[in-house]
Amino acid sequence: MKNDPKLIKNWLKQRKKQHLYRTHRLSESPQQACMRIDGKQLLNFSSNDYLGLANHPDIITSFKVATDIYGVGTGSAHLISGHTKAHQALEEALADFTGRERALLFSTGYMANIGVLNALAERGDVIYADRLNHASLVDGALLSKASTKRYQHNDTHSLERQLKTQQTGNKLIVSDGVFSMDGDIAKVNSLANIANKHQAWLMIDDAHGFGTLGTNGAGLLQQQQLEQDDVPILMATLGKAVGTAGAFIAGSEALIEYLIQTARSHIFTTAMPAAIAAATLTSLDIIKKENWRREKLQRLIKHFKQGAAERKIGLMPSNTAIQPIKIGSSKKALTISQQLLERGLLVSAIRPPTVPDNSARLRITLSTAHNTAMVDELLSQLDTIGI
Ligand SMILES: Cc1ncc(COP(=O)(O)O)c(C=O)c1O
């Protein structure tokens, strides 16, 4: 325990020495392709605002209109007096959009994941988690009384080998849909088959697929035509492609009723502002109607990948908006990120413990808000620096 300021200071010093120290950047502009950050104009390739909706005028208007009706704070939890008609309408819209019986809002994706895993997995149960799952799923599993087995990344044989050894208790398989730091996609069809074969629950966290994938943006499970019976627990966030904030779990009526009674991060926290719910409803309408946003994003991803290949810049195997470049050493990743910053480009260096040891990377994210000239500028600077 670091029960002495000296120990904390030493730990911080050590962290700096290892090139793992983290600091806040100060943004002075809305989330968009060109941002003013720490007093500098930057081209932003470090945002999860994949569809360019975080600063959309119609979404802002809905937010403002809702504050006239509901004020700013909700003042209490959903189960006390914080659940407004806007929250209810959003839950119904999300259930409808994802083709699930019902949906339940959480104030953040982190809270949704720790809430649902805690509520569902009990002592004697086993949670089977992909090794590269997001930290919120790792923490949710740790907080629950179940034991956790982590299978090799996207390796269904490794998962099945582990499943076969379980004698008693229930099973829950949980995976990111689009892996947040790698950009690759889980084999959700195989996971659904395996879950069915082994009588396991299956939960998919579609934080990075919701909005960007599927015929009208309902996410990875829509793209893969996986329904509630195939994937009974769907989680997605609203702070990424949707451009607002919060998250939801979608599934059966019984699942949602159970979570309302038991998910502590839903019960014991203030409901998200109603204006966020109202703004999200408008965002969902735009996501469904404006296919061009997904099409443009796909074009930009293709353009980036092609340009990188021409310049012999090694990318990770991803076809999504998350296009990381693995560097390895944290020091080197930080240096390149700093060099890019000096050239007017914001590209974050993602280091352990967010990613495994010796796999620091530049996490480039593309957005509909970018254009090809911006992507070319990024490629050209990466080339000049010599990645
Ligand atoms: C896969 C995944 N799940 C959950 C979360 C947490 O969502 P939120 O930022 O809404 O807490 C994130 C990102 O932050 C994520 O990448």
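This text leads through a predicted model, taking a pair of helices, the surroundings of the ligand, and then the strands in turn.

We begin with two helices, α5, which covers residues 109-120, and α6, which covers residues 135-143; their axes come within 8 Å and cross at roughly 30°. Angles under 35 degrees count as roughly parallel, and α5 and α6 are therefore roughly parallel to each other. The crossing of these two helices, α5 and α6, is right-handed. If you look for the residues that meet there, you will find on the side of α5 Gly109, Tyr110, Asn113, Ile114, Val116, Leu117 and Asn118, while α6 brings Ser136, Leu137, Asp139, Gly140, Ala141 and Leu143. Sorted by character, the residues of this contact between α5 and α6 comprise seven nonpolar, five polar and one charged.

Helix α5 appears again around the ligand, where it gives the most to the shell, with three residues. The ligand has 14 residues around it, and those that come nearest are Thr108, Gly109, His134, Ser180 and Ala207. Gly109, one of these nearest residues, is also among the residues of α5 that meet α6. As for the character of the shell around the ligand, nine of its residues are polar, three are nonpolar and two are charged.

We now turn to the strands. Strands of a sheet pair through backbone hydrogen bonds, and they can do so either parallel or antiparallel; both arrangements can be followed by starting from β2. Strand β1 (residues 34-37) and strand β2 (residues 40-44) run antiparallel and are joined by four bridges, with Met35 having Leu42 in β2 as its bridge partner. The hairpin that β1 and β2 form has two residues between the strands, and in it Asp38 takes a positive phi near 50°. With strand β11 (residues 345-346), by contrast, β2 runs parallel, and two bridges join them; here Leu43 has Leu345 in β11 as its bridge partner.

A further group of strands makes up an open sheet of three, in the order β10-β13-β12, with antiparallel pairing. Its edge strands, each pairing on one side only, are β10 (322-328) and β12 (348-350). Neighbouring strands of this sheet are turned against each other by 30° on average, with direction ignored. Within the sheet, β12 pairs with strand β13 (residues 360-365) in the antiparallel sense over three bridges, and Ser348 stands opposite Arg363 in β13. Helix α14 (residues 330-342) packs on this sheet, where it touches β10, β12 and β13, and its direction makes about 35° with that of β13.

Key. Residues are numbered from 1 along each chain as its sequence is written. This is a predicted model: local features need pLDDT of at least 70, side-chain atom pairs count only at pLDDT 80 or more; totals for chains, interfaces and linings use all residues. Axes are lines fitted to C-alpha atoms, for helices over the stretch in contact, and angles run from 0 to 180 degrees between N-to-C directions. Angles under 35 degrees count as roughly parallel, over 145 as roughly antiparallel, 65 to 115 as roughly perpendicular and the rest as oblique. A crossing is left-handed if the near helix is turned anticlockwise from the far one by less than a right angle, and right-handed if clockwise. Two residues are in contact if their C-beta atoms, placed from the backbone, lie within 7 Å. Ala, Val, Leu, Ile, Met, Phe, Trp, Tyr, Cys and Pro count as nonpolar, Asp, Glu, Lys and Arg as charged, and the others, Gly among them, as polar. Two strands pair if DSSP finds at least two bridges between them. A residue is near a molecule or strand if its C-beta atom, placed from the backbone, lies within 6 Å of it.
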